[in-house]
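User: I am new to this structure and would like to understand why its parts are described as they are. Could you take me through the reasoning step by step?

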Amino acid sequence: MQFSDRLKQLPSASHLAALHLLAADGQVLATIENKPGQTGSMVVYAALAALYGGRITPQAATLGLEWYAEHVADAQAHPGKHPNIDRLLGWAQGSESFAVRAVAA
């Protein structure tokens with residue numbers, strides 16, 4: 001399934017301004033904002049967090065990569081071009097999980 005089709009199946013994130021991805025110590029590792037160019041990633045990460053108890057686990061990261069579909073190959077070919085996919089590629093190979101904190105719009 002293409003990424004655009006997957007997004008249509010996931011819950012809307014229009015109620016969110018941003019998501020903060022947190023390290024084990026609570027420090028913000030990254031922020032995904034609800035703005036053009038990041039909205040799709042916000043939808044993906046918010047849906048993953050909802051499915052996995054507010055965390056991005058290695059299993060959640062693997063599912064997220066499936067959802068990103070055709071964009072994963074481009075991310076692998078061009079590291080740094082898709083930081084939200086790059087992050088999931090690394091997290092899927094690890095053993096840590098990362099908390100997700102929603103920021104209301």
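Analyst: Let us begin with a cut-off: a residue counts as buried under 20% relative accessible area, as exposed over 50%, and as partly exposed in between. Please keep in mind that this is a predicted model.

User: What makes D86 partly exposed?

Analyst: D86 has a relative accessible area of 23%, and because partly exposed covers the values between 20% and 50%, D86 is called partly exposed. The residue is placed in helix 5, and, leaving aside its neighbours within four places in sequence, D86 touches A75, P79, G80 and K81.

User: Why is helix 3 called oblique to helix 5?

Analyst: The axes of helix 3 (residues 58–68) and helix 5 (residues 83–93) come within 8 Å and cross at roughly 140°. Angles over 145 degrees would count as roughly antiparallel and those from 65 to 115 as roughly perpendicular, so helix 3 is oblique to helix 5. The crossing is left-handed.

User: Which kinds of residues make up the contact of helix 3 with helix 5?

Analyst: Residues including A61, L65 and Y68 in helix 3 meet residues including I85, L88 and W91 in helix 5, and the residues of this contact divide into 9 nonpolar, 3 polar and no charged.

User: Why do strand 2 and strand 3 stand at the edges of the sheet?

Analyst: The open sheet has 4 strands in the order 2-1-4-3, with antiparallel pairing. Strand 2 (28–33) and strand 3 (55–56) each have a single partner strand, so one side of each is left without a neighbour in the sheet.

Note on methods: Residues numbered from 1 in each chain as written. Predicted model: local features only at pLDDT ≥ 70, side-chain atom pairs only at ≥ 80, totals over all residues. Heavy atoms only, no water. Axes fitted to C-alpha atoms, helices over the stretch in contact; angles between N-to-C directions. Helix = DSSP H or I, 4+ residues; strand = E, 2+ residues; numbered from the N terminus. Parallel < 35°, antiparallel > 145°, perpendicular 65-115°, else oblique. Left-handed = near helix turned anticlockwise from the far one by under 90°. Contact = heavy atoms within 4.5 Å. Nonpolar A, V, L, I, M, F, W, Y, C, P; charged D, E, K, R; others polar. Buried < 20%, exposed > 50% of the residue type's maximum accessible area, 1.4 Å probe, protein only. Pairing = 2+ DSSP bridges.
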